[in-house]
Amino acid sequence: MPDFISEHDIISNTDFGFKKLFDQAEIAKYDETEHRRYYESQKEYWDYYSTMTTAMNKGIAKGREEGRADVARNLKKKGMSISDIADVTGLTEEEIKAL
């Protein structure tokens, strides 16, 4: 062992190292809990976001469908042929006849 390192230094440094290590273990345990909470909150947010986006997209699609049906009804009232209405709106002839 070198002259400049005493046995006392090794013991005190070792104690310091153990204390530091155990303090880090407590911090790691805390960080793991916080990380889990953060992950769960992110998961809840993305689940909510996904649900709302899906609902919004379904609503938009339903609104477009209703809009095309309204246009088809109005064109049918004006006397436009069913095949032309189908071309304009994208609805099938059966759907237009049912209006």
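These are my notebook entries on what I looked up in this predicted model.

**Overall make-up**

I began with the secondary structure and found three helices and zero strands, the elements running α-α-α from the N terminus on. I then turned to burial, and of the 99 residues of the protein, 7% count as buried. For the surface as a whole I noted an exposed area of about 8500 Å², of which carbon and sulfur atoms supply 58%.

**Helix 2 and its two sides**

Next I looked up helix 2, which covers residues 82-89 and has Ile-85, Ala-86 and Thr-89 as its buried residues. Seen down the axis of helix 2, these buried residues fall within an arc of 100°, so they line one face of the helix. I checked the face turned away from that buried side as well, and there I found the exposed residues Asp-87 and Val-88. Just after helix 2 comes Gly-90, for which I recorded a positive phi of about 85°.

**The nonpolar core**

Which residues make up the largest nonpolar core? I listed five of them, namely Ala-72, Ile-85, Ala-86, Leu-91 and Ile-96. Two of these names, Ile-85 and Ala-86, had already come up among the buried residues of helix 2. As background I wrote down that nonpolar side chains tend to be buried together in soluble globular proteins.

I followed Leu-91 further, leaving aside its neighbours within four places in sequence, and found it in contact with Ala-72, Ala-86 and Ile-96, as well as with Glu-65, Arg-68 and Ala-69. Of these partners, Glu-65 and Arg-68 came up again when I went through the salt bridges, since they pair with each other.

**Salt bridges**

How many salt bridges does the structure hold? I counted three, and I took them one at a time.

The entry for Asp-47 and Lys-43 gives a salt bridge between their side chains at 3.3 Å, N to O. Both residues lie in helix 1, four residues apart, which is about one turn of the helix. Asp-47 counts as partly exposed because its relative accessibility is 42%, and Lys-43 is placed in that class with 40%.

For Glu-65 and Arg-68, I noted that the closest N and O atoms of the salt bridge are 3.0 Å apart. This pair also belongs to helix 1, with a spacing of three residues, about one turn of the helix. Glu-65 has a relative accessibility of 36% and so counts as partly exposed, while Arg-68 is partly exposed with a relative accessible area of 32%.

The remaining entry joins the side chains of Arg-73 and Asp-70 at 2.7 Å, N to O. Here too I placed both residues in helix 1, three residues apart and about one turn of the helix. Arg-73, at 33% relative accessibility, is partly exposed, and Asp-70 is likewise partly exposed at 41%.

My general remark on these entries is that side chains of opposite charge can pair when their charged atoms come close.

**A nonpolar patch on the surface**

Last, I looked for nonpolar area on the surface, and I found a patch of about 360 Å² made by Tyr-45, Trp-46 and Tyr-49. Trp-46 lies in helix 1, which takes in residues 7-77. Is Trp-46 buried, partly exposed or exposed? I entered Trp-46 as partly exposed because its relative accessibility is 47%, and exposed would require over 50%.

How values were computed:
Residues numbered from 1 in each chain as written. Predicted model: local features only at pLDDT ≥ 70, side-chain atom pairs only at ≥ 80, totals over all residues. Heavy atoms only, no water. Patch = residues over 30% accessible without salt bridge, like charges linked within 9 Å, V, L, I, M, F, W, Y side chains within 5 Å. Areas by Shrake-Rupley, 256 points an atom, 1.4 Å probe, with all protein chains shown as cover. Salt bridge = Lys/Arg side-chain N within 4 Å of Asp/Glu carboxyl O. Buried < 20%, exposed > 50% of the residue type's maximum accessible area, 1.4 Å probe, protein only. Arc of directions from axis to C-beta. Core = buried A, V, L, I, M, F, W, Y, C linked by side-chain atoms within 4.5 Å. Contact = heavy atoms within 4.5 Å.
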